[in-house]
Amino acid sequence: MTFIEKLSAAWTANNSLLCVGLDPDVSRFPTELAGNPDAIYAFCKTVVDATADLACSFKPQIAYFAALRAEDQLEEICRYIKTAYPHIPVILDAKRGDIGATAEQYAREAFERYDADAVTVNPYMGFDSVAPYLEWKDRGAIVLCRTSNAGGSDLQFLDVGGKPLYQHVAQLVADKWNTNGQCALVVGATFPKELAQVREVIGDMPLLVPGIGAQGGDVAATVQAGKTAAGAGMMINSSRAILYAKPVATESAAGAIRRVALETRDEINLYR
């Protein structure tokens, strides 16, 4: 099953457009994990188990693991998801972008070492830096387009032939790079107007949409701007708001994570 096929099946099976980001910040872990050498894996496993029936995808952010020399725990959590919840796609958020020979190694890292279903990539160096990922026909390449951070406008709004650069990227990926139907784009929830413009350009290509939750993106505006005619086509990511949800009363950490994930998924579904 390809990445796109798996994603489409997860949208339906879990009635969800919610992507749960795995951004493990040890300073915010529950106190019971203090001193645990495998705390990152244990925390992420708790998140995955609490949300696996509510998510259309999981998105581990590689920097949170690599900064603590915890790539082995990233391998473990990817392996766990693929074993326990094989129907949920794993997106490695690495934002790789380098020349072809180096990109080949990054593709091996994502798809062999971590067995990810898709990886985020940077298009700044052109097609030859993305092509190695597309050699893996069953995997996905999710190309940065209109990012959720304010500074993205420094470059993404530059005029390119009468339209902003992010629209040029969207058109390029849709018309020329997506020959095997395995591409998606990153477009932030913090810019719903631009999100709608990208959807108009790319048709039904999937979108990875960061920026709700802690970044404050409006859920209703995001869904209405980015959904396809079938009410799908999006992986709306929430990380910190779910991972570090505060328990209420006697609620456990896992219970709080599940509660917020359920509320987020259901809020998204209100506008599909």
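**Exercise 1. How many helices and how many strands does the protein chain have?**

Solution. Keep in mind that we're working with a predicted model here. Going through the secondary structure, you get twelve helices and ten strands in the protein chain.

**Exercise 2. Work out whether the chain is as compact as a globular protein of its length.**

Solution.
- Start with the yardstick: for 272 residues, the globule rule gives 19 Å.
- Now the model's own value: the radius of gyration is 18 Å, close to that figure, so the chain is as compact as a globular protein of that length.
- For a feel of the dimensions, the C-alpha atoms fill a box of roughly 55 × 40 × 35 Å along the principal axes.
- Next, burial: 54% of the 272 residues count as buried.
- Last, contacts: take those with a separation of 6 or more, and 71% of them come from residues 24 or more positions apart.

**Exercise 3. Describe how helix α2 packs against helix α4.**

Solution.
- Locate the pair: α2 covers residues 39-51 and α4 covers residues 71-84.
- Get the geometry: the angle is about 25°, and the axes lie 9 Å apart.
- Classify it: angles under 35 degrees count as roughly parallel, so α2 is roughly parallel to α4.
- Add the handedness: this crossing is right-handed.
- List who touches whom: α2 brings A39, I40, Y41, C44, K45, V48 and D49, while α4 answers with Q73, E76, I77, Y80 and I81.
- Sort by class: the contact of α2 with α4 has eight nonpolar, one polar and three charged residues.

Conventions
Residues numbered from 1 in each chain as written. Predicted model: local features only at pLDDT ≥ 70, side-chain atom pairs only at ≥ 80, totals over all residues. Heavy atoms only, no water. Axes fitted to C-alpha atoms, helices over the stretch in contact; angles between N-to-C directions. Helix = DSSP H or I, 4+ residues; strand = E, 2+ residues; numbered from the N terminus. Parallel < 35°, antiparallel > 145°, perpendicular 65-115°, else oblique. Left-handed = near helix turned anticlockwise from the far one by under 90°. Contact = heavy atoms within 4.5 Å. Nonpolar A, V, L, I, M, F, W, Y, C, P; charged D, E, K, R; others polar. Rg over C-alpha atoms; globule rule 2.2 N^0.38 Å. Buried < 20%, exposed > 50% of the residue type's maximum accessible area, 1.4 Å probe, protein only.
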